[in-house]
Amino acid sequence: MRSLSVTLGVAVWMASVCVPVASQPQAAQPTSSSPAAPGVWNKSTADHSKFKELQGPFASGSEVTKACLSCHTEAGKQVMGTRHWTWEYTNPDTGQTLGKKTMLNSFCIGDRSNEAFCQSCHIGYGWKDSKFDFHDETKVDCLACHNTGGYKKPPGMAGEVPTTRMERPDLPAGSGQFLDPVDLANVAQHVSRTRSANCGTCHYNGGGGDGVKHGDLDSSLNKAEKSLDVHMAAKDKGGAGFTCSTCHQSDGHQLAGSRISMTASDPHGPIMRGDTVHAGRNAATCQSCHGDKPHKQPALAVGLLNNHTSKLACQSCHIPAFARGGVSTKMAWDWSAAGKLTSEGKPIQTKDEHGHVVYDSRKGAFTLGQNVVPEYLWFNGQVRYTTQDMKIDPAQVLKINEFLGSPDDPKARIWPVKRFHSTQPYDTVNRQLLVPHTATPDDSAFWFNFDWDKALQAGATATGQPYSGQHGFVKSEMLWPITHMVAPAKDAVACASCHSASDKSRLGTLPGVYLPGRDHNPWLDRLGWLAVGGALLGVLVHATARLVTRRRNTGAH
């Protein structure tokens, strides 16, 4: 006989199948993807192509910024107060100094000593070493976020853009590969509000390529189908037509939402425009639009479904898998395999049957994934990071970051995550992680000399950390929250995907939640079957009474 828990699981599934997502908030105005149509997309009152200050020519990006600041007088100061500019942040929960400037990861590992390469994703010009002036407004790059095309910051130029034809600076001299100049005047004359493509230039391509890091952020979102993301799909495709800034709203260039300062639970109603009651709330959560009781249909299951929000993040049900847009994401990276060369001393690159690189002499071996089912864990929004000055235990899998939370924490919810595995260098004597110098074409860069000792010594010098001269490789893992690629309601995770035996349930043996279909209690099962037996007995007695009464009435007639 089936237990009562299985029976209840089936009942829950039947009551909640095909539950629609709550109504979406008003979408932002669509943006223009072509600089040939200035001002059309948002009915702007200003045509930048007519501004005298933007006619050019411009010899550098900083000259464009000076022209922008002649009208937008406070924009530079606002930008310089953001984490997009400082790449630094003090975690109020742990006191740790975080941000791209100093944080480590399991992908390209660290920024310092590699600034000229990595800072192509900084919203500034000229950050090539520790001497960069963070107080110079003219170094702010307005075009990185506001261009509508024709603008690209190549790696190796410390965030600058080429204004004349030049050899690629990220390759050794004499490579024969060149960069064409950017027409800064034309780009400046056709600026707009930010587009998803602007944000994606960096946020899609972190870690060395499209979709590499996050798993739920890649270029497929620029032209998303509704099946991929109901928010970012264009309206003519049945989506809401969102851009990134629709949710990640800006106030004085301060953007809502951050991977290193997250909101795991937001048990409130929707945020109303102009309402100060919810001041300080994160405008980039699901609840800020949908509220904490988002389900409206079907009527019989509304209460049951809305009760799930006290335990589950919305993303756990409404993002069935990540990397669903046809772009692979990296699931594992083995740095210890890097450095293999041909008999002629040339680097090697190997691709799989789909054309994806799975081995590169510069970086090592990779494991890729598409349509990946997330892992699930309790998360309260607090994250603890391993920093370079910490002692590590190489006998254990090192947690580069750790999501905190437990079933007893009222702020915690069950969240979907991408768990990324890596093998990365560390100092075997000092027992500390190391940042290799990799990307700048010089004698100490690993990508060009394949000498780990030189690369690690240069990285240690740049980061101000000791290096004993002896290194090994430690296994590590890093978690990435899954919060984009929201599927249509009909494609939400089926109840039976969790309400089933632990070896088949998405939640596996995750503690702290009672799942009918996965869990059972002997006494509850007995009481349940007694209730079922009582109900059947009641039906039988009722039917018998009806038959007896009917016969008596027939005889009397």
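# Helices, hairpins and aromatic rings in a predicted model

Among the elements that cover the buried residues of helix α2 are α3 (75-80), α6 (143-146) and α7 (184-189). I begin there, and I should say straight away that what we are looking at is a predicted model. Helix α2 spans residues 61-69, and seven of its nine residues are buried, so the helix is largely enclosed by the rest of the structure. If you would like to find those buried positions on the screen, they are Gly61, Ser62, Val64, Thr65, Ala67, Cys68 and Leu69.

A second helix to look at is α8, residues 196-203, where Ser196, Asn198 and Gly200 are buried. The cover over the buried residues of α8 includes α6 and also α9 (244-247).

Let me turn to the cysteines. How many disulfides does the count come to? The count comes to zero. For Cys145, which is in no disulfide, the nearest cysteine sulfur belongs to Cys199 and is 6.6 Å away. As for its surroundings, Cys145 is partly exposed, with a relative accessible area of 28%. Now take Cys244: why does its sulfur form no bond with the closest cysteine sulfur, the one in Cys199? The two sulfurs are 4.1 Å apart, which is too far for a bond, because a disulfide here requires the sulfur atoms to be within 2.5 Å. Cys244 has a relative accessibility of 17% and therefore counts as buried, since the cut-off for buried is under 20%.

Next come the strands, where I would like to follow the chain through two hairpins. Strand β8, residues 349-351, runs antiparallel to strand β9, residues 357-360, and three bridges join them. One place to see this pairing is Lys351, whose bridge partner in β9 is Val357. Five residues sit between the strands of this hairpin, and in it Gly355 takes a positive phi near 85°. From β9 the chain passes through three residues, in another hairpin, to β10. Strand β10 covers residues 364-369, and its pairing with β9 is again in the antiparallel sense, over two bridges. Here the residue to look for is Tyr359, which has Ala365 as its bridge partner in β10. While you have these strands in view, it may help to remember that in a regular strand the side chains alternate between the two faces of the sheet.

Now to the nonpolar core. Which residues touch the most other members of the largest nonpolar core? They are Leu433 and Phe446, in a core of 28 residues. At least two residues of this core come from each of β15 (413-427), α13 (446-449), α14 (452-463) and β17 (471-481). Helix α14 gives the most, with four residues. If we leave aside its neighbours within four places in sequence, Phe446 is in contact with Ala338, Gly339, Ser361, Arg362, His437, Thr438, Asp451, Trp452 and Ala455.

That brings me to the aromatic rings, of which the structure holds 18 pairs. In one of these, the rings of Phe379 and Trp415 have centres 5.9 Å apart and planes at 85°, so the pair is edge-to-face. Phe379 is in strand β11, residues 375-379, and Trp415 is in strand β15, so that this pair links distant parts of the chain, 36 residues apart. Both Phe379 and Trp415 are buried. Another edge-to-face pair is formed by Trp452 and Phe473, whose ring centres lie 5.4 Å apart with planes at 70°. Because Trp452 lies in helix α14 and Phe473 in strand β17, this pair ties together parts that are 21 residues apart in sequence. Are these two rings buried or partly exposed? Trp452 is buried, with a relative accessible area of 11%, whereas Phe473, at 27% relative accessibility, counts as partly exposed. Ring pairs also link Trp452 and Phe473 into a cluster, whose members include Phe107, Trp333, Phe446 and Trp480.

I will finish with a single residue, Ser265, which lies in the loop between β6 (254-255) and α10 (287-290). Although Ser265 is in a loop, Ser265 is buried, with a relative accessible area of 14%. Not counting residues up to four places away in sequence, Ser265 touches Pro410, Lys411 and Arg413. With Lys411 there is a specific approach to find: a polar atom of the Ser265 side chain lies 2.8 Å from the backbone oxygen of Lys411.

Definitions and conventions:
Residues are numbered from 1 along each chain as its sequence is written. This is a predicted model: local features need pLDDT of at least 70, side-chain atom pairs count only at pLDDT 80 or more; totals for chains, interfaces and linings use all residues. Side-chain values use heavy atoms; hydrogens and water are left out. Buried means under 20% relative accessible area, exposed over 50%, partly exposed in between (1.4 Å probe, protein chains only). A polar contact is a pair of N or O atoms within 3.5 Å; within protein, one must be able to donate a hydrogen and the other to accept it, and residues adjacent in sequence count only if both atoms are side-chain atoms. Contact means heavy atoms within 4.5 Å. Two strands pair if DSSP finds at least two bridges between them. A nonpolar core is a set of buried Ala, Val, Leu, Ile, Met, Phe, Trp, Tyr and Cys residues joined through side-chain atoms within 4.5 Å. Rings of Phe, Tyr and Trp (its six-membered ring) pair if their centres lie within 6.5 Å; planes under 30 degrees apart count as stacked, over 60 as edge-to-face and the rest as tilted.
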